[in-house]
Amino acid sequence: MSEREAITKGSRRTFLQLSAAATAAMAFRIATEATLAAEDRNTFHPGAVVIDANENPLGPCDAARKAIVDMAPQGGRYSFWLKEEFVKTFTGMEDLKPEYLRVFPGSSEPLHFSVLAFTSPTKSYVTADPGYEAGMRAAKFTGARIAKTPLTKTYAHDVKAMIEAAPDAGLFYVCTPNNPTGTMTSHSDIEQLLAAKPKGSVVLVDEAYIHFSDGVSAIDLVKAGQDVIVLRTFSKIYGMAGIRCGMAIARPDLLAKLETYGGWSAMPITAMAAATASLKHEHLVPERKQLNAAIRQKTFDWLDRQGYTYTPSQSNCFMLDAKRPAKEVIDAMAARNVYIGRPWPVWPTHVRITVGTLPEMEAFQSAFDAVMKNFTATGYAASLSLKTRRSYSDGQCWPRVLS
Ligand SMILES: Cc1ncc(COP(=O)(O)O)c(C=O)c1O
């Protein structure tokens, strides 16, 4: 019996036995990009260039900032109606019935709840490799087998391989654009997956980065009544990672299964006001999409000139092949005060780069150039001598900004 089963079936004795034997790794935690990026991160120094967590350096748009400030005096009240207004705005724009939408403080929660709801020791979790790791953490908790399939030659999810890898699948996780590669899986591939998947399994389409791309959303498949859950977040193009708002979009019976695990807390009213204002801002998405694409292209042009290869991203992140052990490169870059993203074990010489502002990407280029030209044992040793790797507050591992 897995730990999750012990909890849900109420077997306190088994749960206690399991807990006694449990390592910290078995504890259920919501993994987010912030916690995953922080796990390996050196301490920030003043003026650091931080392009390791797929954050948006622009933050919320002006209308969202104003909405937050205007809402602050109401902070003593729950004001549930603000969530209603948000739901009405989004579902109106997408021509969706309100009962097909649930709002959460970010999409990490519904991602984890979907894994809890649809995987178990007899129902596998199927994902791409490299792919976003959070769902795998939740699958470890449910005791599900984790089936990882390589991306195709064009860096799409290999839906045929995913189906072959798990006739016992409970949940297929498709992240498009993919974190960490920024590459797309087509709508027709998702349709193919839905048509061929085992009965009773569900496809979770994570559209956290879709606004940066030309990709077609899978929301139409939700409307068509398919076994699909779509995730959206305001943490990426909308620049609200610290404000927290995300959504699950699915048939009401699928959403009801997620509700067993959470999603009942009141939403922060500042998040609701800012998210609604952002949705109503008609130029936000096209303008930011264009800006991100232009900075990404400049970075790619520079990498081309230097002879490096990278994944053909349509997002705000990409994988760069540094052609040497990723950890060494990450540490050497950190020693130059540029924090780049973590590696994925399947691609040991690749590092994940988040597209920041133009000055940040110029700083990245100079640091990367210097690191790669002067890569010596001394440089690597120097990077290891950075003072504090981590500090801890309220039991959580978190990086500390040195003053
Ligand atoms: C692929 C993917 N899904 C979901 C999330 C969840 O983000 P949040 O909880 O901030 O909405 C992230 C965060 O970076 C992500 O990269």
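**Note on the predicted model: ligand shell, a helix pair and histidine 211**

1. In this predicted model, 16 residues surround the ligand, and Glu33, Gly106, Ser108, Thr233 and Ser235 are the closest. A residue is counted here if its C-beta atom, placed from the backbone, lies within 6 Å of the ligand. The shell comprises five nonpolar, nine polar and two charged residues. In this scheme Ala, Val, Leu, Ile, Met, Phe, Trp, Tyr, Cys and Pro are nonpolar, Asp, Glu, Lys and Arg are charged, and the others, Gly among them, are polar.

2. Local features need pLDDT of at least 70 and side-chain atom pairs count only at pLDDT 80 or more, whereas totals for chains, interfaces and linings use all residues. Residues are numbered from 1 along each chain as its sequence is written.

3. Histidine 211 lies in the loop that joins strand E6 (202-206) to helix H10 (219-223). Helices (H or I, at least four residues) and strands (E, at least two) are DSSP runs, numbered from the N terminus.

4. Is histidine 211 buried or exposed? Histidine 211 is buried, because 22 other C-beta atoms lie within 10 Å; the cut-offs are 20 or more for buried, 12 or fewer for exposed, and partly exposed in between, with C-beta atoms placed from the backbone.

5. Leaving aside residues up to four places away in sequence, histidine 211 touches Lys236, Ile237, Val285 and Lys289. Contact requires C-beta atoms, placed from the backbone, within 7 Å. Histidine 211 and lysine 236 are 25 residues apart along the chain, and their C-alpha atoms are separated by 8.5 Å.

Technical notes:
Contact = placed C-beta atoms within 7 Å.
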